[in-house]
Amino acid sequence: MIRELSSQSQILVVHDGHTGHLNPSLAIGEILEQQFRNSYETLKVPVNLGNSMVSLLKRLSWFPRLFRVMAKLIFGAAPVHIAQYRLIVCSGMSNLLYSAYLSQEFDIPLAFSGDIGSFNEHLIHWTISALAQPTQVEQIILPTLPVRKKFIELRAQPHCGEASLLLGGPTHEYPFTQADYLNIIRHFDFFVEAYNIQGYIVCSRRTPAFNSRIKKYLKTSGLKFVSINDTTPIEHLVARSKYIFVTEDSSTMLSEAIQSGRIVRSVCLNPEHNNLLIEKYLHNHLIQRQPANQPFYTDERFPYIADLDLIRPLGSHFRNYLLFDDHYAPYDLRRKFA
């Protein structure tokens with residue numbers, strides 16, 4: 001359940017409703033709430049920005065006064081309770097644009113989870129990610145992307161020996177086609193048959209509608225299909241699974257699978273192509289790798305749980321900058337917006 005604005009909380013999570021952006025921000029809010037006993041609340045971005053508007057505001061971010069004027073015209077007046085918050089947290093570029101506007105408007109420090117890209121780094125106070133970025137912003141590097149505690153708590157729950165296939169959607173880096181998805185589903189089906197276990201297929205918001213060939217195959221297979229509109233929470237299926245296969249385009253679902261402590265294989269199109277995040281996970285033995293066009297297999301190597309701690313780096317870093325008690329050490333925002 002998403003907790004909306006109140007007059008009590010001191011951490012504000014800004015989101016656009018998209019799970020891939022919302023969950024990392026909620027994860028940060030949960031950890032800070034646990035560490036400093038200050039609750040978080042959520043605020044949804046009031047406007048759905050198109051690509052052209054996102055590009056415009058990213059360019060204007062290098063002209064802070066113009067950015068502030070344009071953002072106010074686009075987003076409108078901010079809710080009256082915003083000034084009470086001590087920290088704004090967000091993930092995703094459209095959320096960053098709105099959060100940066102609120103941060104400037106009310107002089108509230110801003111923590112962003114993700115790649116800042118071409119956005120003006122001087123409007124951000126901390127970045128939170130699994131990889132270092134070429135920026136002068138204070139960086140908090142985690143073993144994975146931020147993950148909500150409901151996935152982390154699965155480590156203490158016994159699995160049922162089953163398997164899940166988590167599907168993202170095609171991107172420029174991972175241009176999965178309908179033929180690729182059919183191959184992936186077939187190989188996954190053969191895998192669960194060979195192990196004589198139940199298999200689940202979970203689609204994300206970005207997964208394209210399947211064509212008739214895939215739908216026909218699913219009807220004749222023993223796989224259980226869970227669409228984005230299904231009410232079954234993904235963590236319930238992850239909890240039942242010993243083996244989790246995740247298409248590499250979905251960095252959020254991949255991090256959630258890793259943090260659950262299950263055996264995780266990332267499904268790729270080209271095993272010769274590694275991005276930096278996948279290289280890190282492979283180097284730290286957090287995942288195995290599975291080419292989409294080859295039979296699925298796995299070994300029994302679970303990730304080392306001690307290497308997955310998110311609480312310590314987040315808690316220790318924010319303790320140095322923000323005092324979440326009766327006193328507040330304000331960040332010097334003026335130097336950022338000069």
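**Reading contacts between side chains**

Me: Let me begin with one residue: Arg-68 has a relative accessibility of 34% and counts as partly exposed. What kind of model is this?

Reply: This is a predicted model. As for Arg-68, the label comes from two cut-offs: buried means under 20% and exposed means over 50%, with partly exposed in between. At 34%, Arg-68 is therefore partly exposed.

Me: Which residue forms a salt bridge with Arg-68?

Reply: Its partner is Glu-105, and the closest N and O atoms are 3.0 Å apart. Next, look at where the two residues sit. Glu-105 belongs to helix α4 and Arg-68 to helix α3 (residues 64-75), so this pair links distant parts of the chain, 37 residues apart. Glu-105 is also partly exposed, with 23% relative accessibility.

Me: How many salt bridges does the structure hold?

Reply: There are nine. Let's read another one, between the side chains of Glu-235 and Lys-150, where the N to O distance is 3.5 Å. Glu-235 is in helix α8 (residues 234-240) and Lys-150 is in helix α5 (residues 149-152), so the pair ties together parts that lie 85 residues apart in sequence.

Me: Is Glu-235 buried or exposed?

Reply: Glu-235 is buried, because its relative accessible area is 15% and the cut-off for buried is under 20%. Lys-150, at 29% relative accessibility, counts as partly exposed.

Me: Could you show me one more pair, Glu-162 and Arg-240?

Reply: Gladly. The side chains of Glu-162 and Arg-240 meet in a salt bridge with an N to O distance of 2.8 Å. This pair, too, links distant parts of the chain: Glu-162 is in strand β7 (residues 162-167) and Arg-240 is in helix α8, 78 residues apart. Glu-162 is buried at 10% relative accessible area, while Arg-240 is partly exposed at 33%.

Me: Which residues are joined into one network by salt bridges that share partners?

Reply: Arg-68, Lys-72 and Glu-105 make up that network.

Me: Now for the rings. What describes a pair of aromatic rings?

Reply: Two values do: the distance of the centres and the angle of the planes. In this structure the count comes to 15 aromatic pairs. Take Tyr-98 and Tyr-101: their ring centres are 6.2 Å apart and their planes are at 40 degrees, so this pair is tilted. Both residues lie in helix α4 (residues 93-106), three residues apart, which is about one turn of the helix. Tyr-98 is buried at 2% relative accessible area, and Tyr-101 is buried at 1%.

Me: What does a stacked pair look like here?

Reply: Try Phe-245 and Phe-296. Their ring centres are 4.7 Å apart with planes at 20 degrees, so the pair is stacked. Phe-245 is in strand β10 (residues 241-247) and Phe-296 is in the loop between β12 (288-291) and α11 (311-321), so the pair ties together parts that are 51 residues apart in sequence. Phe-245 and Phe-296 are both buried.

Me: Which residues form one aromatic cluster?

Reply: The members are Phe-188, Phe-191, Tyr-195, Tyr-243, Phe-245 and Phe-296. You can find the stacked pair of Phe-245 and Phe-296 within this cluster.

Me: And where does the charged end of Arg-265 sit?

Reply: It sits over the ring of Tyr-297, 4.1 Å from the ring's centre.

Conventions: Residues are numbered from 1 along each chain as its sequence is written. This is a predicted model: local features need pLDDT of at least 70, side-chain atom pairs count only at pLDDT 80 or more; totals for chains, interfaces and linings use all residues. Side-chain values use heavy atoms; hydrogens and water are left out. Rings of Phe, Tyr and Trp (its six-membered ring) pair if their centres lie within 6.5 Å; planes under 30 degrees apart count as stacked, over 60 as edge-to-face and the rest as tilted. Helices (H or I, at least four residues) and strands (E, at least two) are DSSP runs, numbered from the N terminus. Buried means under 20% relative accessible area, exposed over 50%, partly exposed in between (1.4 Å probe, protein chains only). A charge sits over a ring if NZ of Lys or CZ of Arg is within 6 Å of the ring centre and within 35 degrees of the ring normal. A salt bridge is a side-chain nitrogen of Lys or Arg within 4 Å of a carboxyl oxygen of Asp or Glu.
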